[in-house]
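Here are a few exercises to work through with the model open beside you. Take your time with each one before reading its solution.

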Amino acid sequence: MDNKISLGDLVVTRAVDELMQTRPLFKLFVNRSIQRFSQCNWGNRCDRETQELNKQAMETNTGMIHGIYHDVRQHEPVLWIIHNCDTNITTVLLPSDY
């Protein structure tokens, strides 16, 4: 299995976009999280079950791949990154956007 994921079309929700425009550290956090996600690092809040589901989705190229990121030091909100293998779209969102 490759150690990288093709993000396809990358989109962010309005809430994430607004925070990125007003908070430079949050923008940096989002960019780092996307980079980690693209390297199959599912974040510091992703449980074993989700990690296994991500592995299966990558092997079959179907379903969803999830990453959950949280930077407590910078007091940033939890960030979700979800890749839909079927549509090849990656969405960056806050849990409240779901």
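Two strands count as paired if DSSP finds at least two bridges between them. Keep in mind that this is a predicted model.

**Exercise 1.** Work out the order of the strands in the sheet, and find the bridge partner of aspartate 9.

*Solution.* Start with the layout: four strands make an open sheet in the order β1-β4-β3-β2, with mixed pairing. The edges are β1 (9–12) and β2 (64–69), each of which pairs on one side only. On average, neighbouring strands here are turned by 15 degrees against each other, direction ignored. Next, go to the β1 edge: β1 and β4 (residues 89–93) run parallel and are joined by four bridges. Finally, aspartate 9 has isoleucine 89 in β4 as its bridge partner.

**Exercise 2.** Find the helix that lies across β1, β2, β3 and β4, and see what that helix supplies to the largest nonpolar core.

*Solution.* The helix is α2 (residues 24–38), which runs at about 40 degrees to β3 (79–84). Now turn to the core, which has 21 residues; Val16, Phe26, Val30, Phe37, Ile65, Leu79 and Val92 touch the most other members. At least two core residues come from each of α1 (14–22), α2, α3, β2 and β3. The largest share, five residues, belongs to α2. To look at one member up close, pick valine 16: beyond its neighbours within four places in sequence, its contacts include Phe26, Val30, Leu79 and Val92.

**Exercise 3.** Is asparagine 54 buried or exposed? Which residues is asparagine 54 in contact with, leaving aside its neighbours within four places in sequence?

*Solution.* First locate asparagine 54 in helix α3 (residues 48–60). Its relative accessibility is 0%, and buried means under 20%, so asparagine 54 is buried. Its contacts, with those sequence neighbours left aside, are Trp42, Cys46, Met64, Ile65 and His66.

**Exercise 4.** Track down the two salt bridges and classify each partner by its exposure.

*Solution.* One joins the side chains of arginine 23 and glutamate 76, at 2.6 Å from N to O. Arginine 23 sits in the loop between α1 and α2, while glutamate 76 sits in the loop between β2 and β3, 53 residues apart. With a relative accessible area of 30%, arginine 23 is partly exposed, whereas glutamate 76, at 4%, is buried. The other salt bridge joins arginine 73 and aspartate 71, at 3.6 Å from N to O. Here arginine 73 is exposed at 72%, and aspartate 71 is buried at 14%.

Note on methods:
Residues are numbered from 1 along each chain as its sequence is written. This is a predicted model: local features need pLDDT of at least 70, side-chain atom pairs count only at pLDDT 80 or more; totals for chains, interfaces and linings use all residues. Side-chain values use heavy atoms; hydrogens and water are left out. Buried means under 20% relative accessible area, exposed over 50%, partly exposed in between (1.4 Å probe, protein chains only). Contact means heavy atoms within 4.5 Å. Axes are lines fitted to C-alpha atoms, for helices over the stretch in contact, and angles run from 0 to 180 degrees between N-to-C directions. A nonpolar core is a set of buried Ala, Val, Leu, Ile, Met, Phe, Trp, Tyr and Cys residues joined through side-chain atoms within 4.5 Å. A salt bridge is a side-chain nitrogen of Lys or Arg within 4 Å of a carboxyl oxygen of Asp or Glu.
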